Amino acid sequence: MKKYLLIVLLVGFCIGKEQTISDGPYIFIEKNELIEKIIINSRVISKSLKTSSYDTIYQAEKSTFNKIKKIAAISDIHGQYDLLIELLQNNRIIDKSLNWSFGKGHFVIVGDIFDRGDKVNEILWFIYELEVQAKNQGGRVHYLLGNHEYMVLYNDLRYIHEKYDVSSKLLNLEYDELYGDNTIIGRWLRSKSTIIKINDNIFTHGGISKDFITYKNFNIEKINNTMRRSIPRLKELRKLRKEGQSNNFYDMYFGNKSLIWYRGYFEEDMTDTDILSILQLVDANHIVVGHTSNEKVIQLYNNKIIGVDSSIKKGNYGELLIIKSDRFFRATLNGKLIELN
Ligand code: CA
């Protein structure tokens, strides 16, 4: 009998412990104030902040940058905050106090901060602040939207960590409403690009398929604007598509061969000539993508395609890509540079 009671108590303790979460802040924009909600030990603590505490309007950045001397890139972080910090510190993108130390360099996150792991907001707020620091020093952080950012924006919850299910219940909101247009992070996300060009390198989460280029004349600025503008309609577009209605627009920008879902460079039987013809059409020499996981940063087709999803999502290891003087390097977790070839 005593043994039985002990087991019940232990199981109860474990379940109770699992359900106790801390998360946030989520900051909601109201007419004359900001409402900050933080979850501590499963209790929601609300606080009113002055509207001047945060920017509430985020301008879209331009999509092309030239003469940049050093670039770092990473992708598919998926809530692995600790690994991200270790990787950035060991490669001197940030210092011990998490401050920007990459000078005038550009740091590109090629999509997918959201989903899978349980430290998504920690990463979002860290990047939010790093972006300002970088800019003040003549550098830049570019957070590009991947398929998981768009999935959150249209409330596809298949990959969220169970913690966020608890958060949204505690806040009495749908998960996508935590990043709605009336939130600080939500507005910030809606200003982000999906594709950018730095020097002769294009960065985008999945890749550029032939089907995508042939749809319309390739113009990075226009593509970003189109994708940003379609966010309010995404749920509806997706619903129609799921009901079986054909929708060329949705398929092109959010389907399997779109910038955010494409895996062709890794999976299709493509030749060097195929890749060269894509590069010619988009006026670039290299395309840097995430989305398709490998054990490390890899190059394909003689450095024309670089894959930077180094399986950080598993929580054990990860790498950065560093581009300096037109040379491409893997930057390992312990801070070693190894040239790609
Ligand atoms: Ca992805």
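**Pocket and cavity in the predicted model**

The largest pocket encloses about 390 Å³ of space. It is lined by 20 residues, of which Gln59, Glu61, Glu131, Lys135 and Lys192 are the closest to its centre. These values, like those that follow, were computed from a predicted model.

Two elements, helix H3 (120-136) and strand S7 (140-143), each supply at least two residues of the pocket lining. Helix H3 makes the greatest contribution to the lining of the largest pocket, at 4 residues. In terms of residue class, the lining of this pocket comprises 10 nonpolar, 4 polar and 6 charged residues.

A search of the whole structure for cavities of 30 Å³ or more returned 1. The space in the largest cavity amounts to about 40 Å³. Its lining is formed by Pro25, Tyr26 and Ile27, together with Trp125, Leu178, Tyr179, Thr183, Ile184 and Ile185. Strand S1 (23-29) and helix H6 (184-190) are each the source of at least two residues of the cavity lining. Strand S1 provides the most, with 3 residues.

The composition of the cavity lining was also examined by class. There, 8 residues are nonpolar and 1 is polar, while no charged residue is present. In the lining of the largest pocket, by comparison, 6 charged residues occur, and Glu61, Glu131, Lys135 and Lys192 are among the residues closest to the pocket centre.

Conventions
Residues are numbered from 1 along each chain as its sequence is written. This is a predicted model: local features need pLDDT of at least 70, side-chain atom pairs count only at pLDDT 80 or more; totals for chains, interfaces and linings use all residues. Side-chain values use heavy atoms; hydrogens and water are left out. On a 1 Å grid over the protein atoms alone, a cavity is a set of points where a 1.4 Å probe fits but cannot get out, and a pocket is an open set with protein on both sides within 12 Å along at least five of seven lines; lining residues have an atom within 4 Å of a point. Grid points are joined across faces, edges and corners, and a volume is the space filled by probe spheres set on the points. Ala, Val, Leu, Ile, Met, Phe, Trp, Tyr, Cys and Pro count as nonpolar, Asp, Glu, Lys and Arg as charged, and the others, Gly among them, as polar.
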